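Work through the exercises below with the model open beside you. Try each task before you read its solution.

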Amino acid sequence: MRIPPSLELFLRAVVGRAYPRIVGANRELSWLIPESVLPILGLAAYVYVYRVMKAPPEFVGYVVLGGAMTAYWLNILWSMASQFYWEKETANLQLFIMAPVSPMAILLGMGIGGLFSSTIRAGAVILLGSLLFGVTYQVTSLGLVLLVFFLSLVALYGMGMLLASLFLLSGREAWNLSNALQEPVYLFSGFYFPVKSLGFWAAAAASIIPLTLGLDAMRQLMFPGDPTMGFLSPWMECGILLLLCPVFLYLSKVALKKMEHAARIRGTLSLRWQ
Amino acid sequence: MPEAILTEDLVREFHLKGGRTIRALDGVNLQVDPGELFGLLGPNGAGKTTLIKILVTLLYPTSGRAFVDGLDVTRDVLPIRQRINMVSGGEYSGYGILTVKETLWMFSQFYGVPYKEAFKRIEELLEVVGLKSEANMRVSKLSTGMRQKMNFCRGFVTDPKILFLDEPTLGLDVEAARDIRAYIKTWMKEHPGRTILLTTHYMAEADELCDRVAIIDHGEILACDTPQALKKKVSGGTLLEISLSGLYDLSWLKGNSGIKGLTYSSSIEKSRTTLKLVLESEEVVPGVIKELNQREFSILGIQSVEPTLEDVFLTLVGRGLSDENSTLS
């Protein structure tokens, strides 16, 4: 069966843009040490706090899992949302935009490439964190864990594509916006504690970040010690994530079109040093 | 067959912070035929790049219309993008972590070039521009000239119908610039029907390469014709080159009657100032010499020169292209 030419072009562009990130992850291995070892130091602080407080042992697992998932959030902020700013500085952005392919393919390639390098970091954190802090996993449904993980990442990278589109008009402020989003999300998405403790409405509002629900569901499925710690049931969280995936992808497509239009009016697709 | 490029009263304004507006293009009318190597000449800030950005669908015009291969740049974006490519001088596109070959392959994928075909073209292009031995070198290790050559290859690897070259030899050494010019000529010969719009502020480059040139300044097209015809227009006046011993500011000459334009450059090494004048007629020459003598300038030599495109620009605009000190008469 012959692939339609437009789909073939789309897929080629996805592979083309993902390639530098995947190759980059293998070619410069020096990044692996700071990316995998240093996050462990941050996690250790939370682990010791929980131990001093004599918190249930699954809290250590919560922290390790949350710490691993920060890799994806950081990737979204710095390698998706603000990426077009860097691409503009090197004149790549104008070349991406003037290519006869949907910019969604470029974003998707960026996302898949970033997913690859982030997964290496997340895997290293899980492995090292579990070994160092003696985390025991009691996976109740591996299939559902994998499904939640997959949906979380699709929705999250959809959100990353949306942010990248929204930041298309930005100059240096994109860097500041990413910075402003980094720490608050650590808190509101409950990276190091069960999000339920924020209260229902705060947790519900934070659920706009797909990692909030994904993390909560995965914790419930991997550390079923205290069932009252979950925000919503894993199936419900899975359903909401399933809904968020197309919503973010659709919104990013619409936003990208509108932002490209606005950028062509303002002349910000190729102007540098803004 | 539609024109390769057509613009009608094209205007582009940029609104800056503080309410200031810059008119980068001011009613540009241009027609480039298929198969032409067309040059757009002008100093920095003349509007060349803005015009190209509109034609490659990166900018909307404020008013007026522009067509590429008969397609409207505001409406027919995708079909235009399928037909074009652009190379800008001094750009740093690509990723340092990739090799030259990988970078070119990556960009070819955005145009859907099949793998085999892409690598075949890449090999050929790298050979032509003398980058074959650097094919597997990381982009981050390339010199500026090598990187510029790589970007040049990027423009051709997609085999565009219409190619926009925005100062392609900017910052290159003489040899590299010569290689690039030679390839442009070969490509045009081997691909009849393809069109190149070349912007440059190197007049000799335009003179060597272009079938026709347009001279642009402050967003307006001042003249458009073949290089020969443009130079012929200037030969009506007198072009004089005067060498003076010492380094001088000669801007005071600008008000003198009979001087249509002047430019001068000083060489610290030789302690010499070379003054180029476009005069209304030969009758003005004695007056100029007399004035220089009265001011006790030491004249080393005077010669009448054949017009170049630089002189065309000087005549049209009243100042030189590259000389910041040149003045408007």
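**Exercise 1. A helix pair in chain B**

Is the crossing of α3(B) and α4(B) left-handed or right-handed? Then describe how the two helices meet.

Solution. Keep in mind that this is a predicted model.

- Step 1. Look down on the pair: the crossing of α3(B) and α4(B) is right-handed.
- Step 2. Find the helices. Helix α3 of chain B covers residues 100-109, and helix α4 of chain B covers residues 115-128. Their axes come within 10 Å and cross at roughly 130°.
- Step 3. Classify the angle. Angles over 145 degrees count as roughly antiparallel, and 65 to 115 as roughly perpendicular. α3(B) and α4(B) are therefore oblique to each other.
- Step 4. List the residues. From α3(B) come Val100(B), Lys101(B), Leu104(B), Trp105(B) and Ser108(B). They meet Ala118(B), Phe119(B), Ile122(B) and Leu126(B) of α4(B).
- Step 5. Sort them by class. The contact of α3(B) with α4(B) holds seven nonpolar residues, one polar and one charged.
- Step 6. Relate this to helix geometry. An α-helix has 3.6 residues a turn, so residues three or four places apart point the same way.

**Exercise 2. A helix pair in chain A**

At what angle do helix α2 and helix α6 of chain A pack? Name the residues that meet.

Solution.

- Step 1. Take α2(A) as residues 32-52 and α6(A) as residues 103-133. They pack at an angle of about 45°, with their axes 9 Å apart.
- Step 2. Name the arrangement. Angles under 35 degrees would count as roughly parallel. The angle found here makes α2(A) oblique to α6(A).
- Step 3. Give the hand: the crossing of α2(A) and α6(A) is right-handed.
- Step 4. Read off the α2(A) side: Glu35(A), Ser36(A), Pro39(A), Ile40(A), Leu43(A) and Val47(A). On the α6(A) side are Arg121(A), Ala124(A), Val125(A), Leu128(A), Gly129(A), Leu132(A) and Phe133(A).
- Step 5. Sort by class. The contact of α2(A) with α6(A) has nine nonpolar, two polar and two charged residues.

**Exercise 3. One residue of α6(A)**

Is Ser130(A) buried, partly exposed or exposed? Which residues does it touch beyond its sequence neighbours?

Solution.

- Step 1. Place the residue: Ser130(A) lies in helix α6 of chain A.
- Step 2. Count neighbours. A residue needs 20 or more other C-beta atoms within 10 Å to be buried, and 12 or fewer to be exposed. Ser130(A) has 17 C-beta neighbours inside 10 Å, so Ser130(A) is partly exposed.
- Step 3. Set aside neighbours within four places in sequence. Ser130(A) is then in contact with Val64(A) and Val135(A).
- Step 4. Check one distance. Thr228(A) is 98 residues from Ser130(A) along the chain, and their C-alpha atoms are separated by 24 Å.

**Exercise 4. An enclosed helix**

How many of the nine residues of helix α10 of chain B are buried?

Solution.

- Step 1. Select residues 309-317 of chain B, which form α10(B).
- Step 2. Count. Eight of the nine are buried, so α10(B) is largely enclosed by the rest of the structure.
- Step 3. Name them: Leu309(B), Glu310(B), Asp311(B), Val312(B), Phe313(B), Leu314(B), Thr315(B) and Val317(B).
- Step 4. Look just past the end. Gly318(B) comes just after α10(B) and takes a positive phi of about 90°.

**Exercise 5. The whole chains**

How many helices and strands does each chain have? Add the overall dimensions.

Solution.

- Step 1. Count elements. Chain A has eleven helices and zero strands. Chain B has ten helices and 14 strands.
- Step 2. Test chain B against the globule rule. Its radius of gyration is 22 Å, close to the 20 Å given for 329 residues, so chain B is as compact as a globular protein of that length.
- Step 3. Test chain A. A compact globule of 274 residues would have a radius of gyration near 19 Å, and chain A agrees with 19 Å.
- Step 4. Tabulate the rest.

| Property | Chain A | Chain B |
|---|---|---|
| C-alpha box, roughly | 60 × 40 × 40 Å | 70 × 45 × 45 Å |
| Buried residues | 50% of 274 | 46% of 329 |
| Share joining residues at least 24 apart, among contacts at least 6 apart | 84% | 71% |

**Exercise 6. Where the chains touch**

Which helix gives the most to the side of chain A that touches chain B?

Solution.

- Step 1. Size the contact: it takes 28 residues from chain A and 24 residues from chain B.
- Step 2. List the helices of chain A that each supply at least two residues: α1 (5-27), α5 (92-97) and α11 (234-266).
- Step 3. Pick the leader. α1(A) gives the most, with eleven residues.
- Step 4. Sort the chain A side by class: 16 nonpolar, seven polar and five charged residues.

Definitions and conventions
Residues numbered from 1 in each chain as written. Chains lettered and ligands numbered in written order. Predicted model: local features only at pLDDT ≥ 70, side-chain atom pairs only at ≥ 80, totals over all residues. Axes fitted to C-alpha atoms, helices over the stretch in contact; angles between N-to-C directions. Helix = DSSP H or I, 4+ residues; strand = E, 2+ residues; numbered from the N terminus. Left-handed = near helix turned anticlockwise from the far one by under 90°. Contact = placed C-beta atoms within 7 Å. Nonpolar A, V, L, I, M, F, W, Y, C, P; charged D, E, K, R; others polar. Rg over C-alpha atoms; globule rule 2.2 N^0.38 Å.
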